[in-house]
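Me: Please go through the assignments made for this structure and explain on what grounds each of them rests.

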Amino acid sequence: MTAVLEVKDLQIGFGGVKAVDGLSFSVHEKEIIAVIGPNGAGKTSAFNCITGFYKPTAGSVTLKGQNITGKRPADIAAAGVTRTFQNLRLFPDLTVLDNVRAGMHLYGGQSWFDAILHTPRFRRSENRYSDEAHHWLDFVGYRGPRGVPIRNLSYGQQKQVEIARALARKADLLLLDEPAAGLNFSEKQVLLSLCRRIRELGTAIVLIEHDMGLVMELSERIVVMNFGREIADGTPAEVKANPAVIEAYLGKDDEEVPSHGDA
Amino acid sequence: MSTSVDKTRTRPRSNSAGAKLSRFMESPKIGWVAFAIALLMPFIIATPYALNVMTTAAIFVLLASGLNIVVGYCGLLDLGYIAFMAVGAYTAGIVAKSFQLPLLFTIPAVIVMTILAGLIIGAPTLRLRSDYLAIVTLGFGEITRITANNLSITGGPSGIFGIPGLLEIGGIDLQEPAIFYYVTVVVVALFVLAAARLGKSRLGRAWRFVREDEDAAEAMGIHTYKVKLMAYIFGAIWGGFGGILFAAHLTAVSPQSFVFLQSALVLMAVVLGGMGNMRGVVIGALVISLLPELLRDLSDYRYLAFGILLVVVMVFRPQGFWPARGFEPERPAPNEAATESEPAPPKEAIR
Amino acid sequence: MTQLLWDGLFVGSFYALIALGYSMVYGIIKLLNFAHGDIYMLGAFIGFAALTSFGGIPASLSIGALIVVMMLSMLLTGGAGVLIERLAYRPLRGAPRLAVLITAVGVSFSLEYGVAAIAGPNPRAFPVRLEGDVFDVLGARISLPQIILMLIAAALMVLLNFYIQKTSTGRAMRSISLDRNASLLMGINVNAVITRTFFIGSALAGAAGVMAGAYYGKIDFLMGFIIGLKAFTAAVIGGIGNIKGAMLGGLVLGLVEAFGSEWFGGQWRDVFAFGVLILFLTLRPTGILGERVTERV
Amino acid sequence: MAMLEFDDVEVFYGKVQALRGMNLRVDEGEIVALLGNNGAGKTTTLSTASALVRAHAGRVAFNGQDVTRAHPWNVVSAGLIHVPEGRRIFSTLTVLENLQLGGYLVKERGLVAKRIERVYELLPLLAERRTQQGGTLSGGEQQMLAIGRGLVAGPKMLMLDEPSMGLAPLIVNQVMQVISEIRDQGTTVLLVEQNARAALKVTDRAYVIDGGATTIEGSARDLMADSRIIDAYLGA
Amino acid sequence: LGTAGCSGGLLGGGGSDDTGSTSGGESGPIKLGMVIPISGSSAPTGEYMKNGATMAVDEINKDGGVNGRQLELLVEDEACDAQQSVAAANKVVSNGAVVSVGGYCSGATLPEIPIFQKAGIPMIIPAANSQDLVNQNAKNVFLINGTGKQQSSAALKFMKKQGYKTVAIVDDNTSYSKDINTETKKQIEEDGSIDVVLSTSVTAGESDYSAVVRDIMQAKPDLVYWTGYYQEGGLIINQLTKAGFQGDIMVADGSVDASLVKIAGGADGVYATMTQTPDTIKGAEDWIANYKDKFGSAPGPYSTQSYDAVRLAAEAIKKAGSTDGDAIIKALEGIDGFQMFSGPLKFTPEHTLSSGGFVILQVKDGKFVLADDLAS
Ligand SMILES: Nc1ncnc2c1ncn2[C@@H]1O[C@H](COP(=O)(O)OP(=O)(O)OP(=O)(O)O)[C@@H](O)[C@H]1O
Ligand SMILES: Nc1ncnc2c1ncn2[C@@H]1O[C@H](COP(=O)(O)OP(=O)(O)OP(=O)(O)O)[C@@H](O)[C@H]1O
Ligand SMILES: CC(C)C[C@H](N)C(=O)O
Ligand SMILES: [Mg+2]
Ligand SMILES: [Mg+2]
């Protein structure tokens with residue numbers, strides 16, 4: 001299997017704090033990988049380095065053999081990475097459909113010239129944009145209204161739209177930052193199957209998640225971070241049994257771990 | 001004046017009078033109606049004064065539609081927009097006067113100069129957010145005006161006057177007030193239509209994404225710098241054409257015409273009309289340019305009344321007269337749905 | 001050279017005083033209050049009206065009278081600011097920011113031409129003039145009134161800075177600017193805090209108006225326009241919304257202008273000043289003390 | 001005695017109706033949980049109680065006092081504190097300043113400082129970061145800060161909107177413990193939680209909200225055995 | 001729809017029923033258009049001008065009008081802005097004006113010329129005096145204020161008489177003011193006996209002019225010549241005095257106003273290049289008293305010129321015996337010896353004043369009085 005993403009010795013610091021401190025891991029095609037770790041371990045910062053929102057102070061990020069370290073977010077997106085955000089980042093005044101269309105920006109298909117003249121090319125591409133927007137909303141199982149501004153949606157609905165927007169990008173690699181936060185049990189089940197269907201599309205997934213049930217059930221491999229470093233990397237079973245992980249993250253008393261899958 | 005792209009997506013709606021009206025207001029027909037009214041106006045009243053005021057208003061509509069691209073679509077608060085018109089007007093005036101050319105032939109020069117101006121103003125401002133951007137554009141506006149005021153090629157404080165007309169062919173002088181009015185209306189209508197269409201395209205959406213959240217836009221692969229520059233360049237070209245018409249209309253160009261207040265007035269037109277919605281902006285521009293004329297008879301109290309009216313209007317319609325609609329039809333019509341149920345499965349990733 | 005520095009700082013301290021109000025109001029409701037310069041004008045006219053209605057003031061009493069009048073003017077302009085906020089800005093809470101900006105321009109027109117309608121369009125000579133000894137400091141001519149005015153300005157600024165940074169009202173002002181709804185959940189009476197902000201900001205502008213009237217001797221209904229723009233510029237240079245930044249920005253702008261006209265001549269001064277501003281912001285997009293954009297993704 | 005009471009409350013956002021005859025009651029000293037799907041109206045319920053959102057019909061009473069038409073600051077000073085969804089940290093203020101704002105209406109000076117110290121004890125991660133800007137905290141750290149900020153107010157009743165969101169499992173337990181502790185010290189709690197398993201462990205009672213009204217109500221123990229709840233919120 | 005409503009209302013409000021015809025008609029009042037600044041920073045002067053013109057109209061009407069018809073003044077605001085002045089000029093044309101008696105800001109007056117020219121309407125410009133107005137060579141344009149060139153030669157003449165060796169010239173960056181600055185500098189340099197040690201501009205509308213004061217103190221000229229308006233002029237005089245400036249100060253006609261003295265906090269000794277004003281003309285006391293009576297305040301700059309512009313228009317219409325533009329122009333060209341405040345009138349072929357141009361005034365006891373008529 002070829003590596004879709006290779007992260008090597010990644011580092012980023014803020015003032016004195018080293019948020020990410022020499023992180024390395026790789027993701028292979030069609031893999032689903034979870035990144036877990038205590039709050040403030042540097043998970044989101046690592047995502048930000050990979051997607052260009054932070055410029056790593058050291059280390060490298062390689063996407064399908066192409067070095068994307070330190071590039072602009074837009075270029076990295078064009079190279080084939082897409083993401084969601086921990087604190088939703090949708091376009092609040094734009095409609096649900098338009099938000100999803102944002103993910104299709106790289107499809108192109110029309111120039112401003114086409115737009116001014118309303119050429120057939122323009123009409124064709126606009127129809128495609130609309131059709132696919134509906135398709136992706138259907139794909140994530142979104143049931144809410146589609147022609148209204150995002151700010152009218154509840155938190156959970158917005159999370160779905162954000163995933164639909166990311167999917168519309170059709171990237172090789174999808175980074176999800178706590179996709180299950182704010183979802184209840186049945187909604188998490190939907191998310192679970194959604195992730196599997198995404199993998200079937202040929203997209204590798206890296207997700208940050210605190211819901212252990214979901215993580216254990218979904219991921220092939222788990223990377224555990226603490227203080228910016230990797231403290232474990234292995235299959236769910238390996239990680240679950242790793243004393244360092246229990247100490248830092250899961251807690252000793254298994255009974256007390258609130259998760260949905262272990263009951 | 002814009003055509004809806006998603007024609008197929010209109011749902012059957014109730015047929016009450018109100019619904020009919022609102023459907024009409026949102027349909028492309030309204031643009032034609034407005035255009036027809038503009039063409040018929042001179043048959044109702046054609047004093048030089050009326051023609052002059054209407055021509056000025058039309059030029060103002062052009063400016064507002066250009067600024068709407070920058071502010072309304074892309075969210076770049078530009079407080080020096082009038083500088084683009086200045087660049088257009090001065091370029092046209094200088095070229096036309098020194099080569100004794102009809103103004104029409106200055107268009108290429110104006111386009112080049114305004115694009116240049118757009119780039120110069122755009123480039124350093126790309127990293128700036130909202131209000132820092134506002135002051136920098138304001139600064140550029142002032143720099144443009146003061147420079148024009150101090151250079152001799154621009155005629156210093158008295159500016160350039162005696163500018164040749166647009167064109168004179170076979171006894172028809174486009175400069176005749178009535179003819180000039182028609183020329184202006186047609187040009188302005190085309191530009192407004194183009195701006196509205198741009199707004200409903202991929203580029204137009206990209207502008208909105210940048211306006212709403214630059215980071216998220218970047219994450220979707222939208223090169224925010226490029227997109228912003230495009231907004232400046234389009235805004236600049238619109239302003240440049242406004243400048244040509246302005247120069248032709250007044251036959252004179254001088255720095256006082258490009259003071260900060262003018263930029264503020266164009267911005268008011270955009271906001272008052274409804275940012276981001278071309279129809280609203282057209283109305284806003286008409287109101288802002290015609291209101292002071294309507295209030296002329298109040299003489300001393302003219303601007304007092306204007307100021308109070310502005311406040312009152314905004315208090316009652318904070319979103320502007322005709323705000324951009326945040327809604328679109330939900331689903332394709334059933335006959336279209338057939339193709340939709342089986343969407344093209346996403347194949348390879350798009351680079 | 002020292003003269004240049006001194007002149008720059010003196011003008012700069014006026015800019016700073018007005019920029020403060022600009023920055024405060026901006027800080028709390030993200031409004032570029034274009035009417036702020038006109039409050040300064042209003043302050044000057046209130047001072048003018050008060051002093052003329054006192055009748056002739058013996059020169060010996062003038063400083064005392066001036067301070068009383070300045071207080072009065074601060075009170076009234078503060079009140080005017082509050083009224084404007086109540087009538088013209090509050091109804092637009094939650095409306096797009098630019099809508100409020102337009103209302104502000106409307107208010108600006110109304111103030112300018114309202115005063116012109118009442119007091120006439122003619123410029124007025126201020127009834128009291130600050131005159132005083134002139135000292136020679138390192139080759140610069142510095143006059144007593146200049147020193148007094150700068151001291152007053154500095155005192156007002158220091159007080160204000162303390163108020164914003166150290167008191168809980170100040171903290172509330174900053175929190176409202178960041179997230180109004182969350183501030184409500186802290187139990188902050190947002191309306192009251194905004195009112196207070198407008199009062200303080202406008203009162204400072206009113207004070208500056210009276211001071212300018214007494215120092216320069218001339219007031220007119222459009223006097224707030226240019227200085228309003230300057231204050232806006234100063235506030236931005238300093239990092240808009242930042243109180244210390246506004247003071248610093250005012251002083252810097254004063255100096256930049258002084259050097260600009262020295263080096264390039266008066267006609268190019270503003271080109272130079274704006275050029276410096278643009279260059280500076282290109283290198284440092286959030287102004288001198290502007291807070292780092294810490295929005296995380 | 002009823003601490004918080006909703007009588008047939010209706011709330012609209014423009015044309016969208018979010019609450020349709022909401023009835024709810026939280027008694028003094030209780031911990032009550034609200035469960036429900038996305039968009040059910042949980043957040044709206046809390047916002048209505050804290051007067052961020054105005055009810056179009058019905059009545060909301062806090063501690064015997066009608067707060068349907070009150071201002072948010074009146075509600076806060078009456079002792080009802082709302083820790084909002086999505087944290088809403090003041091991003092450029094420091095952790096300490098954020099906490100101080102939590103005590104905005106507390107008149108005694110020393111009291112705020114004392115409570116802040118207490119928060120640092122409960123959530124030690126915050127103590128390490130007291131001078132860091134709130135906006136630069138990690139998601140979970142922000143969540144802790146939001147909860148801490150609510151505690152500094154010294155609430156009679158605390159409403160928490162998804163407090164466990166984004167928290168590591170260890171911390172979730174910690175937070176749930178904090179919640180039962182403050183109840184033991186006399187604070188009533190209304191809790192919106194998607195992590196129903198963790199929530200029901202500490203709560204006395206729970207409501208399920210659907211379509212803007214409560215549909216199921218019962219004691220935590222009963223609900224944990226209710227198949228409808230298990231299917232939707234707990235998992236087998 | 002909005003378009004129709006607005007424009008319809010607008011034009012209705014315009015109150016014009018003749019469509020596009022520009023002839024004044026042969027009955028009803030004879031209309032004089034006056035496009036001046038009523039708003040903006042030049043508003044005060046607009047007021048003075050309007051009053052002066054109104055006074056003349058009333059006097060003439062009281063005496064039975066012109067050719068048996070009454071005069072009517074159509075005043076429109078131009079705010080010193082080209083765009084507004086074009087609208088205003090079109091409005092007075094549409095409303096049937098036969099002569100234009102306005103024009104204060106040169107920049108705003110310039111674009112009016114083609115409009116009035118096309119309509120065949122003569123313009124008697126009471127104040128605006130940029131050389132550019134003359135350079136247009138429009139046959140309908142008549143300037144009854146001295147031009148910038150004339151003012152500059154007057155200034156130079158006086159400087160030489162006084163024996164100044166060094167002068168500083170300061171303008172406010174408006175076309176009128178800069179025009180005088182450059183023209184004076186040019187003439188001084190051609191003449192060769194005086195040094196221009198400083199020629200600079202300030203920005204109008206500010207309060208602090210320490211920069212230019214500093215430059216002047218450094219250059220130490222014998223005379224400072226301020227070519228802008230009285231608002232800034234007063235401030236600059238004040239700030240120069242405070243800085244201890246010892247040389248003389250002279251101002252141009254835009255600064256001749258009682259307010260200059262008040263703003264400066266005393267300006268005794270300051271010279272001015274100016275056409276005669278009522279205060280300096282013997283026998284004008286009655287006129288001033290009348291004006292005060294009528295408007296409750298003293299006349300200001302260009303009250304007299306506007307008064308004269310109306311009287312001149314009336315005279316020309318009377319002589320032409322009609323309201324036809326060409327006839328009036330011819331009549332104006334033929335006028336010789338018509339008495340105005342500035343002296344007997346005769347136009348040069350360029351339609352500027354041939355005599356009775358500039359004199360030197362000086363502030364004495366807070367009032368501008370004649371210091372030198374430059375006759376010799
Ligand atoms: N821009 C920044 N400035 C200062 N410190 C930062 C910044 N970004 C992150 N940090 C710090 O770096 C650390 C790692 O943050 P990060 O957001 O990556 O954590 P995380 O693993 O995603 O945690 P969580 O699970 O709580 O979301 C945190 O302690 C945070 O305070
Ligand atoms: N500002 C708003 N404008 C319009 N509609 C809104 C707004 N906020 C919420 N709604 C609508 O009101 C309904 C209830 O929303 P609410 O946020 O209360 O749900 P919730 O139960 O908290 O959901 P979640 O678990 O996703 O947070 C939803 O259908 C939502 O679309
Ligand atoms: C002083 C005035 C007669 C000058 C006039 N403002 C002009 O522009 O010509
Ligand atoms: Mg995180
Ligand atoms: Mg919610």
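The exchange below takes up metal sites, burial, cores, an interface and confidence in turn.

Me: What conventions apply here?
Reply: The model is predicted, so local features need pLDDT of at least 70 and side-chain atom pairs pLDDT 80 or more, while totals for chains, interfaces and linings use all residues. Residues are numbered from 1 along each chain as written, chains are lettered from A and ligands numbered from 1 in the order written, and side-chain values use heavy atoms, without hydrogens or water.

Me: Why are A:Thr44 and A:Gln86 called donors of the magnesium ion (ligand 4)?
Reply: Donors are N, O and S atoms within 2.8 Å of the metal (3.2 Å for Na, K and Ca). OG1 of A:Thr44 and OE1 of A:Gln86 lie 1.9 to 2.2 Å from the ion, and therefore both qualify under the 2.8 Å limit. Water is not among the atoms, so sites may look incomplete.

Me: What makes this pair a tie between parts of chain A?
Reply: A:Thr44 lies in helix α1 (residues 43-50) and A:Gln86 in the loop between β6 (81-83) and α3 (96-102), so the pair ties together parts 42 residues apart in sequence. Helices (H or I, at least four residues) and strands (E, at least two) are DSSP runs, numbered from the N terminus.

Me: Which residues donate to the magnesium ion (ligand 5)?
Reply: The protein donors are D:Thr43 (OG1) and D:Glu85 (OE), lying 1.8 to 2.3 Å from the ion. D:Thr43 is in helix α1 (residues 42-49) of chain D and D:Glu85 in the loop between β6 (80-83) and α3 (95-102), 42 residues apart.

Me: Why is D:Thr43 called partly exposed, and why is D:Glu85 called buried?
Reply: Buried means under 20% relative accessible area, exposed over 50%, and partly exposed in between (1.4 Å probe, protein chains only). D:Thr43 has 24% and therefore counts as partly exposed, whereas D:Glu85 has 19% and so is buried. At the other ion, A:Thr44 is buried at 11% and A:Gln86 is buried at 8%.

Me: What makes α1(A) mostly covered?
Reply: In α1(A), 8 of its 8 residues are buried, including A:Phe47 and A:Ile50. After the helix comes A:Gly52, with a positive phi near 90°.

Me: How many residues has the largest nonpolar core?
Reply: This core has 296 residues, and C:Phe34 is among those with the most contacts inside it. A nonpolar core is a set of buried Ala, Val, Leu, Ile, Met, Phe, Trp, Tyr and Cys residues joined through side-chain atoms within 4.5 Å. A second, separate core of 87 residues includes A:Leu97 and D:Val106.

Me: How do you know that A:Arg89 forms a salt bridge with B:Asp213?
Reply: The rule asks for a side-chain nitrogen of Lys or Arg within 4 Å of a carboxyl oxygen of Asp or Glu. The closest N and O atoms of A:Arg89 and B:Asp213 are 2.7 Å apart, and therefore the pair meets the 4 Å limit. Across the interface of chain A and chain B, 4 salt bridges are found.

Me: What is the confidence in chain A?
Reply: pLDDT is the predictor's confidence in each residue, from 0 to 100. Chain A averages 87, with 95% of the residues scoring at least 70. Over residues 254-263 of chain A, however, the pLDDT is below 50. Where pLDDT is low, the predicted coordinates should not be read in detail.

Key: Contact = heavy atoms within 4.5 Å.
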